[in-house]
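Trainee: I am new to this structure and should be grateful for a close look at a single part of it. Would you kindly take me through one side of an interface in detail?

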Number of protein chains: 2
Amino acid sequence: MMDTGSIPTPFVANVILSSISSLILFYIIPEFKDMFINAGLFGIDMNKVGNRHSNRENKSISQDLVKPKLPEAQGVLSGAVYLIVVFVFIPFRFPFLDHLNSEHNFPHHEFVDYLAALLSMCCMLFLGFADDVLNLKWRHKLWLPTMASLPLLMVYYINFGHTLIIVPKPFRELLGTSVDLGILYYLYMGMMAVFCTNAINILAGVNGLEAGQTLVIACSVMFFNVYQLMYGNTQTEAHLFSLYLIIPYIAVTVPLLYYNWCPARAFVGDTFCYFSGMAFAVISILGHFSKTMLLFFVPQIINFLYSAPQIFHILPCPRHRLPSVNRETGLLEMSKMKTKSSDIGRLGWVVINVLSPLGLLSVEELQEKGDKYIQFNNMTIINLAIKFCGPIYERNLSLVLLFIQVLCSVLALVIRLHVAKYFYDE
Amino acid sequence: MMDTGSIPTPFVANVILSSISSLILFYIIPEFKDMFINAGLFGIDMNKVGNRHSNRENKSISQDLVKPKLPEAQGVLSGAVYLIVVFVFIPFRFPFLDHLNSEHNFPHHEFVDYLAALLSMCCMLFLGFADDVLNLKWRHKLWLPTMASLPLLMVYYINFGHTLIIVPKPFRELLGTSVDLGILYYLYMGMMAVFCTNAINILAGVNGLEAGQTLVIACSVMFFNVYQLMYGNTQTEAHLFSLYLIIPYIAVTVPLLYYNWCPARAFVGDTFCYFSGMAFAVISILGHFSKTMLLFFVPQIINFLYSAPQIFHILPCPRHRLPSVNRETGLLEMSKMKTKSSDIGRLGWVVINVLSPLGLLSVEELQEKGDKYIQFNNMTIINLAIKFCGPIYERNLSLVLLFIQVLCSVLALVIRLHVAKYFYDE
């Protein structure tokens with residue numbers, strides 16, 4: 001437990017550096033807008049009705065063309081500024097002079113962890129940006145987080161090499177107090193990186209949602225670390241490690257969310273989703289709370305499970321599964337997939353027949369030109385939220401989804417801080 | 001001195017990994033061509049005559065448009081593959097199991113150095129690529145190497161913190177055996193990074209020259225390290241450190257040079273120049289031979305000094321200073337800058353009056369419509385080489401310039417290995 005009365009110098013430095021980075025980003029994100037658009041890095045804000053006025057004047061332009069054109073991948077600015085902050089923070093975190101005469105007390109392991117974390121994040125930022133620029137194919141995309149997590153895995157191997165996990169109390173009679181997962185542990189870490197990056201990337205497409213959800217997760221992590229530092233008994237160093245990386249993350253995400261909030265003036269890009277996912281993966285692995293991190297990812301996990309039938313082509317999947325905007329009302333409605341009934345396989349029918357009665361899937365049967373068609377909502381929790389709330393403004397939809405994220409975080413913290421002690425020795 | 005009979009396992013692993021990376025790059029560089037061009041990452045090969053045939057058929061297309069259109073910034077592939085190789089090499093270089101029972105023998109300093117080197121290179125690769133994509137302004141460009149060298153400087157501060165330099169023998173009576181440069185040493189390191197990156201970037205524009213010059217420098221570094229390991233007495237670890245980073249560099253540069261060689265099928269991009277410059281800077285700083293590295297950069301230094309009057313606007317400078325291609329002969333000729341005599345300042349005349357009699361500047365005076373004009377060749381060693389050789393095919397020009405680079409490297413090695421001992425104790 002830390003002395004709650006004393007605030008360590010590195011903490012103060014971290015907060016000051018982070019605040020400066022926030023201010024800088026508020027200034028530079030709009031500054032770089034034209035540079036991104038000129039470089040071909042822009043996207044169309046699909047959920048907007050579009051500018052009818054200019055459409056009427058120039059009939060040859062399709063409706064899509066007059067929807068807002070926004071700079072894409074601006075999350076790369078947040079990522080770059082983040083890296084500068086955590087670089088500059090090094091001498092504050094590891095004050096060399098304190099260890100000048102006592103070489104053996106220098107926290108080599110922590111320093112190496114810190115560098116490995118930055119290396120993985122820097123790699124992911126680079127690869128994410130390359131993806132945004134080059135529009136890599138799916139088979140390349142899955143490799144990116146794996147490649148970027150290499151430094152983490154290698155350093156973990158060198159630095160700890162121990163792959164023991166503590167077994168929860170109820171299972172100890174069966175498995176003993178701890179189990180050495182060996183190579184499986186590395187697989188787990190690699191999968192953690194792949195999962196975190198992609199989980200954020202598929203819960204996206206509504207203004208403010210990408211940056212909003214990562215901000216909620218990051219704040220939960222910060223709260224968890226501060227709570228553990230103040231009231232916990234163990235692993236002070238690990239929680240400080242994590243805290244010093246998450247505060248700058250929050251600082252660079254706030255300006256991005258500000259500009260990405262509905263109506264968006266910037267898109268965050270895959271870059272930001274990848275970078276954020278990798279940040280959460282390395283912070284939780286090296287901070288020794290990767291299971292807790294998964295609790296904060298519950299909405300993303302539910303979204304992934306709910307999406308699975310479409311992702312794995314058990315049910316047909318369109319290229320985009322964003323909600324669709326109603327041009328008359330300006331409200332977002334569920335986007336739907338229409339397909340011939342005969343094209344749905346046996347497993348597909350199982351999914352439909354299970355989810356539909358539970359109210360988790362909106363299904364309609366249609367008859368067109370003698371063919372039977374079936375139409376169901378695209379399976380994302382974004383569409384599911386619209387199913388429960390009815391047609392909704394984009395800003396409100398984002399708020400609903402972020403509210404769910406906050407609720408899950410509160411629940412996760414309660415579970416982690418009060419229920420977990422029945423399963424593990426604190 | 002190493003036992004010359006024994007080849008260490010990490011060395012074997014390094015060579016094998018590097019060879020594999022080379023083969024992969026030979027395959028993927030052309031594979032990615034369309035993806036780069038579709039992403040707007042392409043350049044026009046200015047030194048080619050252009051395709052007259054299609055020009056005759058379609059008169060509305062300007063001459064430039066039918067010059068070859070090549071994917072730009074493909075050096076990013078080399079950089080990414082390089083990083084993967086050096087990541088995967090970590091467990092070979094720092095075999096964790098050897099140190100399991102003797103924690104204190106683990107080479108923490110070296111491991112930290114290694115990670116810091118990779119971090120700086122990864123950063124530079126990311127920022128270089130961002131520059132190629134976003135076409136950053138000059139004021140941003142100068143910041144990039146500075147930002148990317150931050151991890152290096154910070155880690156150097158933590159890990160060594162000593163900024164002593166050994167004074168050459170002739171000056172010892174004046175200054176003592178060593179001088180503590182303090183903050184100046186960090187400035188020196190930062191400037192080394194800025195210099196190396198930009199020096200390569202301004203000696204560019206001829207097929208094969210960018211990748212060719214860095215390959216010659218890298219091979220010189222490799223030779224120097226191997227020589228010191230076999231016949232030197234000191235700093236075995238530092239030379240191994242450097243060797244293990246330069247071999248993969250050579251491996252990823254060879255395929256790039258192959259595709260960039262005249263007639264080029266790919267451009268390397270600023271990405272590659274920045275990445276290479278940073279690689280040389282970190283390898284030489286952490287390998288403790290940054291002064292020797294500067295000897296290998298003599299052609300770049302001469303090019304910088306010769307370019308200085310135009311770069312610092314003592315004489316007028318056009319946007320591009322590439323040689324110009326003669327459409328009739330297909331040979332490259334000096335590109336020239338024409339300006340009113342009255343526009344040249346006093347300092348400009350000094351430069352002209354000094355260089356012209358030495359045969360280092362081709363100057364013509366012209367009379368047009370009553371105005372006096374002066375025309376001189378753009379001041380790069382590329383144009384200077386053409387001045388001495390006469391009009392020349394692009395491939396031969398590249399060979400001449402690379403031959404000069406090799407010659408300078410040989411001279412540098414002789415100076416470093418035989419003359420330096422009179423100034424320093426070995």
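Mentor: What follows is an account of the side of chain A that touches chain B, with a brief look at the contact between the domains of chain A. The model is a predicted one. Chain A brings 45 residues to the contact, and chain B likewise brings 45 residues. Between the two chains about 4,300 Å² is buried, and carbon and sulfur atoms give 88% of that area. On the side of chain A, F126(A), L134(A) and I158(A) supply 17% of the area buried against chain B, more than any other three residues. The rule finds zero salt bridges across this interface of chain A and chain B, and zero residue pairs in polar contact with both residues at pLDDT 80 or more. Several helices of chain A each supply at least two residues of this side, among them helix 4 (75-88) and helix 7 (138-159). Helix 6 of chain A gives the most, with 15 residues. By class, the side of chain A comprises 38 nonpolar, five polar and two charged residues.

Within chain A, the contact between domain 1 and domain 2 may be set beside this. The area buried between domain 1 of chain A and domain 2 of chain A is about 710 Å², with 85% from carbon and sulfur atoms. In domain 1 of chain A, N47(A), L397(A) and L401(A) lose the most area to domain 2 of chain A, together 54% of what that side buries. Across this domain interface the rule likewise finds zero salt bridges. Helix 17 (residues 394-419) of chain A gives the most to the domain 1 side, with three residues. That side divides into nine nonpolar, one polar and no charged residues.

Notes:
Residues numbered from 1 in each chain as written. Chains lettered and ligands numbered in written order. Predicted model: local features only at pLDDT ≥ 70, side-chain atom pairs only at ≥ 80, totals over all residues. Heavy atoms only, no water. Buried area = accessible area lost by both parts, 1.4 Å probe. Salt bridge = Lys/Arg side-chain N within 4 Å of Asp/Glu carboxyl O. Helix = DSSP H or I, 4+ residues; strand = E, 2+ residues; numbered from the N terminus. Nonpolar A, V, L, I, M, F, W, Y, C, P; charged D, E, K, R; others polar. Contact = heavy atoms within 4.5 Å. Polar contact = N/O pair within 3.5 Å; in protein donor to acceptor, adjacent residues only side chain to side chain.
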